[in-house]
Amino acid sequence: MPQPRQTPTVIVTRELADTVMDRLEALFDTRNNRGDTVMSRAALAAAMAECDVLVPTVTDDIDAALIAGAGPRLKLIANYGAGVNHIALQAARARGIIVTNTPGVLTEDTADVAMALIVSVPRRLAEGEKLVREGAWHGWSPGGMLGHRIGGKALGIVGMGRIGQAVARRARAFGLAIHYHNRRRLPAVLEDELAATYHADLDAMLGAIDILSIHTPLNADSRDLIDRRRIGLMRRHVHVINTSRGGILDEVALVDALEAGQLAGAGLDVWEHEPRIDPRLLALPNVVMTPHMGSATFEGRRASGERVIQNIRMWADGHRPPDQVLDGWA
């Protein structure tokens, strides 16, 4: 039977909720980053050389070189967040380092922001808000701030996992027809519940929808999944929404298409090189941009911290952590 480990040394790379940091310090030998300055590569390397457990976030690039240089004590990377594209999973596996994440706890929060963008981009809500703030609105007129109705339109969802399904449920309430593309088709009972139409061919779906919402994880298969060619398959009135990861959508091709009028607009919560944003995007009035805040709720942040703690405790007690990442560890 696995034996419990001694109290592990835990290093947390970013400032978390106070309640989460307090619990981490009460349970483990924890070094929290209460100043919330992003750790440099050198600081990450130093931390990985002396801890048993590293708690990184999406802003930390834990690549193969860092993992190769980690100390022999590092046995668990307990990621704070669901996405793990910033961690070299195969390199971690080769070193015998377990990687965990926090799936599910941010589903509803992210789906809320995706739905907000689905509504706000066609209805030009950000443009209207700016008009009022700048004092440039001079009253109602029949042709003022015309946008597009979303009821009756076709929403295409790329990635029908937890978040994609949560978006589909919200979108149905707004009268959108649900279409989706996924690696695996959903069970018939779930398709019926969501009134969702499956497309095995992503290209065919892109030519048949009015709004595209991206919800697939970023990995080797999905990087630049929506590239210049696929953007060209969409009709000119289509709006593109991305609340997943910036690398899934070819940002340069997107901007080119928006500037050329080949797409109607976009709603973006993530970017390929965030926090840097292409200046051309900032100049486009038909793009609604939010600062990677899809999961930014007090409740979601606390829940993510609790999942991190649960994974560390299970590992420290000699058990397999409940959220060990296995997918892609070929």
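In this predicted model, helix α1 passes helix α13 in a right-handed crossing. Helix α1 covers residues 18-27 and helix α13 covers residues 298-316. Their axes come within 9 Å and cross at roughly 15 degrees. Angles under 35 degrees count as roughly parallel, and α1 and α13 are therefore roughly parallel to each other.

A second pair of helices can be read in the same way. Helix α5, residues 107-120, and helix α7, residues 162-173, have axes that come within 9 Å and cross at roughly 50 degrees. Because that angle is neither under 35 degrees nor in the range of 65 to 115 that counts as roughly perpendicular, α5 and α7 are oblique to each other. The crossing of α5 past α7 is right-handed.

Two annotated spans help to place these helices along the chain. An unreviewed UniProt entry gives residues 10-325 as "domain: D-isomer specific 2-hydroxyacid dehydrogenase catalytic". That span, residues 10-325, is 37% helix and 14% strand, and its end C-alpha atoms lie 19 Å apart. The other span, also from an unreviewed UniProt entry, is "domain: D-isomer specific 2-hydroxyacid dehydrogenase NAD-binding", at residues 115-294. Over residues 115-294, helix makes up 32% of the chain and strand 16%. The end C-alpha atoms of residues 115-294 are 10 Å apart.

Next comes a pocket. The second largest pocket has a volume of about 220 Å³. Two elements, α6 (125-133) and β12 (287-289), each give two or more residues to its lining. Ala126, Glu127 and Lys130 are among the lining residues, as are Val287, Val288 and Met289. The lining also includes Leu282, Ala283, Leu284 and Pro285. By type, the lining of this pocket divides into eight nonpolar residues, two charged residues and no polar ones. Glu and Lys count as charged, so the two charged residues of the lining are Glu127 and Lys130.

Two points of backbone geometry remain. Most residues other than glycine have a negative phi, and most peptide bonds are trans. Asp36 is not a glycine, yet its phi is positive, about 60 degrees. Asp36 sits in the loop between β2 (29-31) and α2 (41-50). The peptide bond from Glu274 to Pro275 is cis, with omega near 10 degrees. Pro275 lies in the loop between β11 (265-268) and α12 (279-282).

Terms used:
Residues numbered from 1 in each chain as written. Predicted model: local features only at pLDDT ≥ 70, side-chain atom pairs only at ≥ 80, totals over all residues. Heavy atoms only, no water. UniProt positions renumbered as here; feature names shortened; annotations may be inferred. Helix = DSSP H or I, 4+ residues; strand = E, 2+ residues; numbered from the N terminus. 1 Å grid on protein atoms, 1.4 Å probe; cavity = no way out; pocket = protein on both sides within 12 Å on 5 of 7 lines; lining within 4 Å. Points joined across faces, edges and corners; volume = space filled by probe spheres on them. Axes fitted to C-alpha atoms, helices over the stretch in contact; angles between N-to-C directions. Parallel < 35°, antiparallel > 145°, perpendicular 65-115°, else oblique. Left-handed = near helix turned anticlockwise from the far one by under 90°.
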